[in-house]
Amino acid sequence: MNSLLLAAAFAMVVRSLAANRLDRWHLGAPLVMVLAGVAVGLAEPSGIADGLNTESVQHAAEIILAVLLFADATEVRAGRLWGAYPGLVARVLLVAMPVSIAVAALLGWLLFPALPWEVLLLLACVTVPTDFAPAEKLVRDRGLSARVRSTLNVESGYNDGIITPLFLFALILAGDDTQERTPLEALGTVLPFAVKALVAGVVIGALLGWLMDLAHQAGWVSDQSARVAVLLAPLLTFTATVAIDGNGFVASFVCGISFRYVHRLLKARRVRTGRAEARSDALNTDLHLLEDVTGLLTMTMWFVVGIAAVLTFYLGVSWRVLLFCAAVLTVVRLGPVFLALTGSRMRRRERLLVGALGPRGTTTIVFGLLAFNKLPVGDAADTILTVTVVCVLGSVVLHGVGATPFQRLLAKWNAGMTKPEAR
């Protein structure tokens, strides 16, 4: 374990010290950390499975997911809960995403007929959520229209929080022999957990947002202490919700939404009454430490993927896994998104872009690790891990390494457009 921590820390330091240079060479953090993980995994291949399938890894993945969910909920920058284009976001999250999950589960049934339906649902939940960690340059590219950028930004921030209850429902159904439940029993377990999580997330987030605002106005809080308080928010929410038998993941996500909403509400009220605070960027400053820690956790997850890739190689990657991951990264997302946005104010080219830009990242990794740890040792757990690794590595190649060619193609598209964008 010490050697793994040392290797991960060394790789992160190297990546951090040479970030600008590596970015110019199109070597983003995901690719660098995956390669470092592969190197470490090749050095000690025998203990990978035992190292990943431990209670400590499970708890670490749970904490990381709680922090990431909170961070995603607070990072949506458009001012409204659903961004600047709420109708477009609703179509993607509430129509396209459920259809993509259903199509992915159906495809899994065709390719992996021996797996039970609850494991197929898990596969869909693991592989459908998007995360722009492997392709940050793409979503920030000004060659994309404001509609496309805003829709992708809000979608990537909210989809993992929305899909988490379904993932946990499937995980309960597919758990070990001591946890087997019927769908109704699993639903009866998830619903009370979700209700408690919603209440806890709203209360803690609103209270924290209100107290942070008061502390800033009174001058009681320093820049550093405010950043620490925000970083502790998801940990506090997760542990407090679990203590009352609630869903800590949902609570962390709801807490982030509630925290940001209350802060913006109080700020808007002071602007209307002419009492706007001197530091209008207080929230963005308070989030800096959370963003840095989230980046560190994300690099850790990519390092784990590199290690897991070695195990996946030893287990073997079948053509079924390759076909499933290729389809999930392309048509399984593109088709439902394109159809869901048909009839909206997005042009055909914009609908294609939103569907094509769907990288997989940290959410897929954490969901995959949690499922691998929770499922009994066997084909189901091995398939989950293999699909997770192949899916995220495929996304690194398609959306990370392939980002530059895509940007060049996008520039050519825009150069050939004569009609101005209708906002």
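Begin by selecting Arg 227, Val 228, Val 230 and Leu 231 in helix H11, then add His 288, Leu 289, Leu 290 and Val 293 in helix H14; these two groups of residues meet. Sorted by class, this contact of H11 with H14 comprises six nonpolar residues, one polar and one charged. Please note that the model on display is predicted.

Next, widen the selection to the complete helices. H11 covers residues 223-243 and H14 covers residues 288-315; their axes come within 7 Å and cross at roughly 50 degrees. H11 is therefore oblique to H14, since the class of roughly parallel is kept for angles under 35 degrees.

Now return to Val 228, which belongs to H11. Is Val 228 buried or exposed? With a relative accessible area of 36%, Val 228 is partly exposed, because that class lies between the 20% limit for buried and the 50% limit for exposed. Select Asp 286 as well: 58 residues separate Asp 286 from Val 228 along the chain, and their C-alpha atoms are 8.1 Å apart.

For the second stop, select helix H9 (residues 146-173) and helix H17 (residues 348-356). These helices pack at an angle of about 30 degrees, and their axes are 10 Å apart. H9 is thus roughly parallel to H17. The crossing in which H9 passes H17 is right-handed.

Which residues meet where H9 and H17 are in contact? On the H9 side, select Arg 147, Val 148, Thr 151 and Leu 152; on the H17 side, select Glu 350, Leu 353 and Val 354. By class, the contact of H9 with H17 holds four nonpolar, one polar and two charged residues.

Conventions
Residues numbered from 1 in each chain as written. Predicted model: local features only at pLDDT ≥ 70, side-chain atom pairs only at ≥ 80, totals over all residues. Heavy atoms only, no water. Helix = DSSP H or I, 4+ residues; strand = E, 2+ residues; numbered from the N terminus. Buried < 20%, exposed > 50% of the residue type's maximum accessible area, 1.4 Å probe, protein only. Axes fitted to C-alpha atoms, helices over the stretch in contact; angles between N-to-C directions. Parallel < 35°, antiparallel > 145°, perpendicular 65-115°, else oblique. Contact = heavy atoms within 4.5 Å. Nonpolar A, V, L, I, M, F, W, Y, C, P; charged D, E, K, R; others polar. Left-handed = near helix turned anticlockwise from the far one by under 90°.
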